[in-house]
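Trainee: I should like to learn how to read a model of this kind, feature by feature. Could we begin once the sequence and the structure are in view?

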Amino acid sequence: MQNIQARRWDPLVRLTHWGVAAGVLANGAFTEEGSGLHLWVGYGVGALLALRLLWGFIGPAEARFSAFPPSPGRAAAHLREIAEGRRSHHRSHNPLGALMVYALWATLAVVIATGVAMAGPPTLSTPPAVAASNERGHEAAEAAEHEGGHEAHGSARDGDAEHEEDEWMEEVHEAAANLLFVLAALHILGVAFETRRSGRQILTAMIGGRRKAAPAE
Ligand code: HEM
Ligand code: HEM
């Protein structure tokens, strides 16, 4: 049955969505933490997020933030709608979905910001490898401690302070990444639930399924 309310997200929304999802999955499950590949995938995800957020101001109507403002009131109304078995049509994300979208973006921003704080901005030279440089920093601090000179002590302390800051960033990075995985799982359940409830092709709209043939001009 052809859904008369069919819609399709524009190519930039689809590209950034699936790029971010693939990058998050890759960094959460496959790349080695802190490796060059982890960092480059992370920078890529950051760039895609930045592009999508820019699109929220200048993109087509349904992709703009104005089409899905964060509104707990409207989200609550949407929950009542679900409870009462009513359905309404939304051009963009439904109000409950919108809250999830902002939560996903905010959490992702924390993961990226803490990652970049540990690794520094991307450079065009050799791929960064923070784990290795952390290791070297630690060894240098330890060697300085053994030497016992005045200057050496200073650099050992600096090294320790830096190390503590990195550890703190790492903790936040890890906690935010774990929260992101939980939110993403809820998000997928939400998509499945809303698809069943509304009968709309929600996933197809994000994949870019075929449109109904356009009438000949
Ligand atoms: C795209 C989303 C990302 C996810 C899901 C992710 C996930 C993770 C996870 C789960 C860890 C292991 C944490 C631990 O057990 O201590 C980790 C470590 C790390 N991540 Fe990410 N990350 C992401 C993006 C980034 C970005 C953008 C950067 C920096 C450009 C980055 C840099 C690092 C570094 C340096 C570590 C290792 C910390 C250490 O062991 O010294 N990550 N990441
Ligand atoms: C880590 C993985 C994922 C993240 C971080 C994520 C994040 C997001 C975000 C931020 C949006 C809003 C899109 C925008 O307006 O640009 C979105 C929408 C959407 N996502 Fe995901 N997603 C993930 C995985 C998935 C998966 C695996 C599916 C497939 C089941 C999926 C299906 C959808 C759909 C269908 C929408 C549109 C919802 C609507 O019509 O309101 N996502 N996702």
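**Reading the fold and its metal sites**

Trainee: Leaving aside neighbours within four places in sequence, with which residues is Phe 68 in contact?

Mentor: Contact means heavy atoms within 4.5 Å. By that criterion, and without the neighbours within four places in sequence, Phe 68 touches Arg 52, Glu 62, Ala 63, Ser 92, His 93, Ala 98, Val 101, Tyr 102 and Trp 105. Please keep in mind that this is a predicted model, in which local features need pLDDT of at least 70 and side-chain atom pairs count only at pLDDT 80 or more, whereas totals for chains, interfaces and linings use all residues. Residues are numbered from 1 along each chain as its sequence is written, chains are lettered from A and ligands numbered from 1 in the order in which they are written, and side-chain values use heavy atoms, with hydrogens and water left out.

Trainee: What is the secondary structure of the chain?

Mentor: Helices (H or I, at least four residues) and strands (E, at least two) are DSSP runs, numbered from the N terminus. Here there are seven helices and zero strands, and the pattern along the sequence is α-α-α-α-α-α-α. Of the contacts between residues at least 6 apart in sequence, 75% join residues at least 24 apart.

Trainee: Which residues touch the most other members of the largest nonpolar core?

Mentor: In soluble globular proteins, nonpolar side chains tend to be buried together. A nonpolar core is a set of buried Ala, Val, Leu, Ile, Met, Phe, Trp, Tyr and Cys residues joined through side-chain atoms within 4.5 Å; buried means under 20% relative accessible area, exposed over 50%, and partly exposed in between (1.4 Å probe, protein chains only). The largest core has 19 residues, and those touching the most other members are Val 20, Phe 68, Trp 105, Leu 108 and Leu 180. Two or more residues each come from α1 (11-30), α2 (36-58), α4 (95-119) and α6 (150-198), with α4 giving the largest share, eight residues. Apart from this core lies another of five residues, including Trp 9, Ala 63, Ala 205 and Met 206. Over the whole chain of 217 residues, 34% are buried.

Trainee: Which protein donors hold the iron atom of ligand 1?

Mentor: Donors are N, O and S atoms within 2.8 Å of the metal (3.2 Å for Na, K and Ca); water is not among the atoms, so sites may look incomplete. For the iron atom of ligand 1 the protein donors are His 38 (NE2) and His 173 (NE2), lying 2.0 Å from it. Six donors count as octahedral if opposite donors are over 155 degrees apart and all others between 65 and 115; this site, with angles of 88 to 179 degrees among its six donor atoms, is octahedral. Since His 38 lies in helix α2 and His 173 in helix α6, the pair ties together parts that are 135 residues apart in sequence.

Trainee: Is His 38 buried or exposed?

Mentor: His 38 counts as buried because its relative accessibility is 14%. His 173, at 17%, is buried as well.

Trainee: Which protein donors belong to the iron atom of ligand 2?

Mentor: They are His 17 (NE2) and His 187 (NE2), lying 2.0 Å from the iron. The six donor atoms around this iron subtend angles of 86 to 179 degrees, so the arrangement is octahedral. The pair links distant parts of the chain, with His 17 in helix α1 and His 187 in helix α6, 170 residues apart. At 25% relative accessibility, His 17 is partly exposed, and His 187 is partly exposed with a relative accessible area of 25%.

Trainee: At what angle do the axes of helix α3 and α4 cross?

Mentor: Two packed helices are described by the angle between their axes and the distance between the axes. Axes are lines fitted to C-alpha atoms, for helices over the stretch in contact, and angles run from 0 to 180 degrees between N-to-C directions. The axes of α3 (residues 72-83) and α4 come within 7 Å and cross at roughly 130 degrees. The two helices are therefore oblique to each other (under 35 degrees is roughly parallel, over 145 roughly antiparallel, 65 to 115 roughly perpendicular, and the rest oblique). At this meeting, α3 brings Pro 72, Arg 74, Ala 75, His 78 and Leu 79, and α4 brings Pro 95, Leu 96 and Leu 99.

How values were computed:
Four donors count as tetrahedral if all angles lie between 85 and 135 degrees; four count as square planar and six as octahedral if opposite donors are over 155 degrees apart and all others between 65 and 115; anything else is irregular.
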